[in-house]
Amino acid sequence: QVQLLESGGGLVQPGGSLRLSCVVSGSIASINNMGWYRQAPGMSRDLVASHAWGGGTQYADSVKGRLTLSRDDAKNTLYLQMNSLKPEDTAVYYCYLVTVRGHYWGQGTQVTVSA
């Protein structure tokens, strides 16, 4: 059973920073892709950043230059460093993992950017 557990969300002022973490546990088969989505109230769940194994990292245009995806394989952890946060970044952030066996989601972590 693969599990993804996010943390690091919270309330931050505009221009501030947060780092989200996603710890992956369980029996992990060959990974194809992993990254982060976000969903604001009343909106669809949109891709923020993704990393394809054997490929590169892609970012949504709205976050380029401000958000950075990274991973620590020794800790089975995926990170999303978020700088220069804006009110429109407010959303629930979900990490995801795609392997040869399926597509997995975390439970989400709330990020609120407000003065």
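Trainee: What makes E1 and E3 a pair of strands here?

Mentor: Two strands pair if DSSP finds at least two bridges between them, and five bridges join E1 to E3, so these antiparallel strands meet that condition. One of the contacts places Leu4 with Val24 of E3 as its bridge partner. The names E1 and E3 come from DSSP runs numbered from the N terminus, where a strand (E) has at least two residues and a helix (H or I) at least four. This is a predicted model, in which local features need pLDDT of at least 70 and side-chain atom pairs count only at pLDDT 80 or more, while totals for chains, interfaces and linings use all residues. Residues are numbered from 1 along each chain as its sequence is written, and side-chain values use heavy atoms, with hydrogens and water left out.

Trainee: Which strands stand at the edges of the sheet that holds E1 and E3, and what makes them edges?

Mentor: The sheet is open, with four strands in the order E1-E3-E8-E7 and antiparallel pairing. Strand E1 (3-7) and strand E7 (67-72) each have a single partner strand, so one side of each is left without a neighbour in the sheet. From one strand to the next the twist averages 15°, the angle being taken between N-to-C directions, from 0 to 180 degrees, of axes that are lines fitted to C-alpha atoms (for helices, over the stretch in contact).

Trainee: How many bridges join E4 to E9, and how many join E4 to E5?

Mentor: Strand E4 (residues 31-39) pairs with E9 over eight bridges, in the antiparallel sense, and Arg38 stands opposite Tyr93 there. E4 also pairs with strand E5 (residues 45-52), antiparallel over seven bridges, with Gln39 opposite Arg45. In the hairpin of E4 and E5, five residues lie between the strands, and Gly42 takes a positive phi near 75°.

Trainee: Why is the pair Cys22 and Cys95 called a disulfide?

Mentor: A disulfide is a pair of cysteine sulfur atoms within 2.5 Å, and the sulfur atoms of Cys22 and Cys95 are 2.0 Å apart, so the pair qualifies. Cys22 lies in strand E3 (residues 18-25) and Cys95 in strand E9 (residues 91-99), so the disulfide ties together parts that are 73 residues apart in sequence. The torsion about their S-S bond is about 50°, and therefore the disulfide is right-handed.

Trainee: How do you know whether Cys22 is buried or exposed?

Mentor: Buried means under 20% relative accessible area, exposed over 50%, and partly exposed in between (1.4 Å probe, protein chains only). Cys22 has 0% relative accessibility, so it counts as buried, and Cys95, with a relative accessible area of 0%, is buried as well.

Trainee: What makes Asp89 and Arg66 a salt bridge?

Mentor: A salt bridge needs a side-chain nitrogen of Lys or Arg within 4 Å of a carboxyl oxygen of Asp or Glu, and the closest N and O atoms of Asp89 and Arg66 are 2.7 Å apart, so they satisfy this. The pair links distant parts of the chain, with Asp89 in the loop between strand E8 (77-82) and E9, and Arg66 in the loop between strand E6 (57-59) and E7, 23 residues apart. Asp89 and Arg66 are both buried, and Arg38, Arg66 and Asp89 are linked in a network of salt bridges.

Trainee: How many salt bridges are counted by this rule?

Mentor: The count is four. Among them is Lys64 with Asp61, whose closest N and O atoms are 3.1 Å apart, and Asp61 is exposed at 65% relative accessibility. Another joins Asp73 to Arg71 at 2.7 Å between the closest N and O atoms, and Arg71, at 35% relative accessible area, is partly exposed.
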